[in-house]
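Work through the exercises below with the sequence and the 3D structure open. Try each task before reading its solution.

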Amino acid sequence: MVRLKRACGQTANKLPDETQQRQRQNTVAFKLKKVTTMATAETRNKIFGTPETNYLNCTKGWKSWAFTLDHKRIGVMYLVGVTIALFLAGAFALILRSHLVKFDSNMLSYDRYNQMFTLHGAVMVFAFIIPSIPAALGNFVLPMMLGAKDVAFPRMNLASFYLWIVGTMCLLGAILFGGGLDTGWTFYTPYSIETETGVIWATFGAFVLGFSSIFTGLNFLVTVNTMRSPGQTWFKLPLFLWSLYATSIIQVLATPVLGITLLLLIAEKTMHIGVFDPRYGGDPVLFQHFFWFYSHPAVYIMILPGMGVISELISVYSQKRIFGYSFIAFSSVAIALLGFLVWGHHMFTSGQSPLVTLIFSAITFSVAIPSAVKVFNWLATLFKGSILLNTPMLYALSFIFLFGIGGLTGLFLGALSTDIHLHDTYFVVAHFHFVMVGGTLTALLGGLFHWWPKMFGRMYNDFWGRVSCALVFIGFNVTFFPQFVMGARGMPRRYASYDPEFQIFHQISTVGAFVLGIGILLAYGVLVYAARYGKRCGSNPFRAASMEWQSSSPPDFHNFIHKPTVNDPYDFDSQVYDEELDTYLPREYADPAKTPPRKEPVHH
Amino acid sequence: MAIAETHDTHGEHHDDHHDHGEFIAHHFESPEQQFDSGKLGIWIFLVTEVLFFSGLFVLYTLYRNYHPEIFQVAHHYLDKNLGCLNTIVLLFSSLTMALAVRSAQTGKNKNCETYLLITMVCATIFLGVKAVEYSHKWDLGIWPRSMFHYHEGVHETGIFGLSNYLIKLSVIPTLLLVGFAGYAAFQYLTDKANNARFYIGMTIMVLGYFAGVVGGVVYQNAIAGDSHAHAALQTAAPLMLHAATIDKSSAGHDDHVHADGEGDSHDDHDHADVPAGSQESVPDSVGIFFSIYYCMTGLHAIHIIGGIVALAWIYRRSQLGHWREDYFGPVDYVGLYWHLVDLIWIYLFPLLYLID
């Protein structure tokens, strides 16, 4: 290392054109440094005004997208991909709900019903929720929040996206070539070994998707570690990055275990190696242990990034410094680490020793602590803030409400005695949908509405955005609240027909599901319309203080054409309004004549 | 930053720096940042690799705990000497890898090239020996659990008295050998000596595989001739298993139990599916050990093959003289990966071969 550093000090032999380019860059940087004390209107316009060329139009043709190494384009492609997966799996959900309208429905055959809920779960979990916020929003925002030009390994980033495509195709290949899949998304042995359906297709798909997820996580970890702007310490990172960092730790540590588990399942199915198959002396419960060792932490892969988005949204739209920054930051890490120690709570009824069960239950309860820390800090941030009830904020508030219910009902299931009653009922279904849909999907939509102006440089129609939020919130509650009730009354999950007494709950739930579906469609409709026809907006319309808002909207190919100012991401007074550009600018760049004095002292 | 760069050079130009003497990707500020990122990246990747294998180690631990007697008996079918040879080969390859990294750090591309070639040859020797081990077991019906059906010595042989399985396993290396050698000759004849050098290196690399195969086969023929060793290997294990799993009064082979005598402590593990009575047959439940053996060593072998591909890449780049005192990252990263693959074998060898 010493030698490397010394050698780096020497002038490397560059080719002339490159040297020139460097020199030119240096002069510009020098100029910019000077103007920061007195930025002219021209400079302001150049840096923060709507640019003629941006990452979207700097190169053209499908190849410039298919082979791009730009994290922003990869993020956008990921967004398109996960949205397609969401609509597909959402359609499966609506078919399921339609089937369940009548207690003795024969809309789907029972086999078809099994396949339908399996694919709904598998596609939602592996192809949508896990990559949704990190790979789509995170990819776009993370390097920009660091003031970097790209993630550390752009090629690996693109590979991650293509692995996502391959994995999703394999997952769907289970329907087309494998004759469906009816194991549930968990692939429990011994049934997954016996069934004739496309388990190998689906497990291979999940295996590949796992690598896609590892690549994203690895990239994020390295990028946050090595590519922060000079002076940007860990505690100057936006909380979204802390949550992505915690998520990446889980992705990197847990996903390989899923990988080997699925490979062993494939080996078991093809060669009957006898590790999971009881016919050959194998242990089927061992598969559950292996599976949940990944898949429980994976639950936190799904929710943690959502929490990070909410931390940003709550703070920006209250225009108030986030309350308890370090508590929120460390609670993300705590959730990530505790997440590794609770997998056994999925198997309270599968035959574990009572002592182990007790320990898993206790640790499960302890996860509630960091989760509650976050919720209380968000609420404390809202307190006396100047709250703006626009679309992203409404999504953020509904997140807190829905995640609160989803999280607290988790405690019912973590308690040993109640779990015996509630295990494998609709109560469980409602619980994890409150966390994953009410939590993650809501956060994703909120995040999209928050960063959409940055991504496409255009503002959405806030009225219709709020309508979409209302529909999602109402539809969601109507869908899943009745499921708590019928679950508590003993309606088992995954049943294609049921006792007539539950029919009314199922019918309410189905109505809600369609409202929810319309709400989500409307949200995407508003966003897509805005990207095309929305009113142009400035670099920082919401007065956010984190670094990605210092780029133009949409950003330049290199993210920033200047050296972005490193400041406290929650010090909103550092941004002042500029009339000419109709947007907020960092104080350093604003017109000193029109800049109001600082309201609060800067405290670092 | 990049304000002065014109926009038409975007996107496609991430890689073009390789054509210059400068290997800094556009999004890094300094060579140090690039090196540190790569280093952290490879370490995190190694962590995922360790966790990937950890699933198998857990499996091993559990099943050894469930059925210690199976493990103690079954490992006698693994050849300690060949395993030991492979261990030495891999350890040596780690040494040459470390030397290659050192050469790259000091900018000695020529030395780096030589050391990398030796490393690759060691890797292929390892695979050759492994092919001999695998094919020999398959000849004896030693397969994973469901296909496991041990039978002694009777197997068909192909040309030169070699195992048919060995011949099948060697098809791809043979094709590679012919391909590389032919392409090297072609490049040489068309005056592309630089390219030819690379393909000659690849040819030598594949030859390592055949060296391993020949070594393994010669060794096996030698011990086949040596009646003592052979007999001990072939008979001790089944007898021990009987001692361990079948009621002593009915089996009556206690006297013949191998000198290690671990059989007695596991009488309590009774196996319903052991076919009592027939002395020659080995119960199929022993196959669980070989399931785990094949999973672990097979996955390890895949990693060796992956390592060879990575080594070939940096071998080519050292031929092109890419390494300098301020740029040697890729050799370092591949080196770390290679040491991990070696390290995993260091665990696999005693866990699988040296159970006594």
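A nonpolar core is a set of buried Ala, Val, Leu, Ile, Met, Phe, Trp, Tyr and Cys residues joined through C-beta atoms within 7 Å. The model used here is predicted.

**Exercise 1. The largest core**

Task: find which residues have the most contacts inside the largest nonpolar core, and where that core lies.

Solution.
1. The largest nonpolar core counts 262 residues. Val123(A) and Leu171(A) have the most contacts inside it.
2. Helix α6(A) supplies the largest share of this core, 22 residues.
3. Domain 1 (68-308) and domain 2 (544-604) of chain A both give residues to this core, so the core lies between them.
4. Now take Leu171(A) and set aside its neighbours within four places in sequence. Its remaining contacts are Ala122(A), Val123(A), Phe126(A), Ala127(A), Ala202(A), Gly205(A) and Ala206(A).
5. A second core of ten residues is separate; among its members are Ala39(A), Ile47(A), Leu581(A) and Ala590(A).

**Exercise 2. Two domains of chain A**

Task: describe how domain 1 and domain 2 of chain A touch.

Solution.
1. The domain assignment of chain A sets domain 1 at 68-308 and domain 2 at 544-604.
2. Their C-alpha centres lie 37 Å apart.
3. In the contact, domain 1 of chain A takes part with 13 residues and domain 2 of chain A with 13 residues.
4. On the side of domain 1 that touches domain 2, helix α6 (residues 110-145) of chain A gives the most, with four residues.
5. The residues on that side of domain 1 are five nonpolar, four polar and four charged.

**Exercise 3. A hairpin in chain A**

Task: state how β3(A) and β4(A) pair, then decide whether the faces of β4(A) are covered or open.

Solution.
1. Strand β3 (residues 575-578) of chain A pairs with β4(A) in the antiparallel sense, over four bridges.
2. One bridge joins Asp578(A) to Thr583(A), which belongs to β4(A).
3. Four residues lie between the strands of this hairpin, and Asp582(A) takes a positive phi near 55°.
4. For strand β4 (residues 583-586), check each side in turn: Thr583(A) and Leu585(A) are buried on one, Tyr584(A) and Pro586(A) on the other. Both faces are covered.

**Exercise 4. Chain B**

Task: say how many helices and strands chain B has, and what share of its residues is buried.

Solution.
1. Chain B has eleven helices and zero strands.
2. Of its 356 residues, 43% are buried.
3. Among contacts in chain B with a separation of 6 or more, 74% join residues 24 or more positions apart.

Technical notes: Residues are numbered from 1 along each chain as its sequence is written. Chains are lettered from A and ligands numbered from 1 in the order in which they are written. This is a predicted model: local features need pLDDT of at least 70, side-chain atom pairs count only at pLDDT 80 or more; totals for chains, interfaces and linings use all residues. Helices (H or I, at least four residues) and strands (E, at least two) are DSSP runs, numbered from the N terminus. A residue is buried if 20 or more other C-beta atoms lie within 10 Å of its own, exposed if 12 or fewer, and partly exposed in between; C-beta atoms are placed from the backbone. Two residues are in contact if their C-beta atoms, placed from the backbone, lie within 7 Å. Domain bounds come from an automatic or database domain assignment. Ala, Val, Leu, Ile, Met, Phe, Trp, Tyr, Cys and Pro count as nonpolar, Asp, Glu, Lys and Arg as charged, and the others, Gly among them, as polar. Two strands pair if DSSP finds at least two bridges between them.
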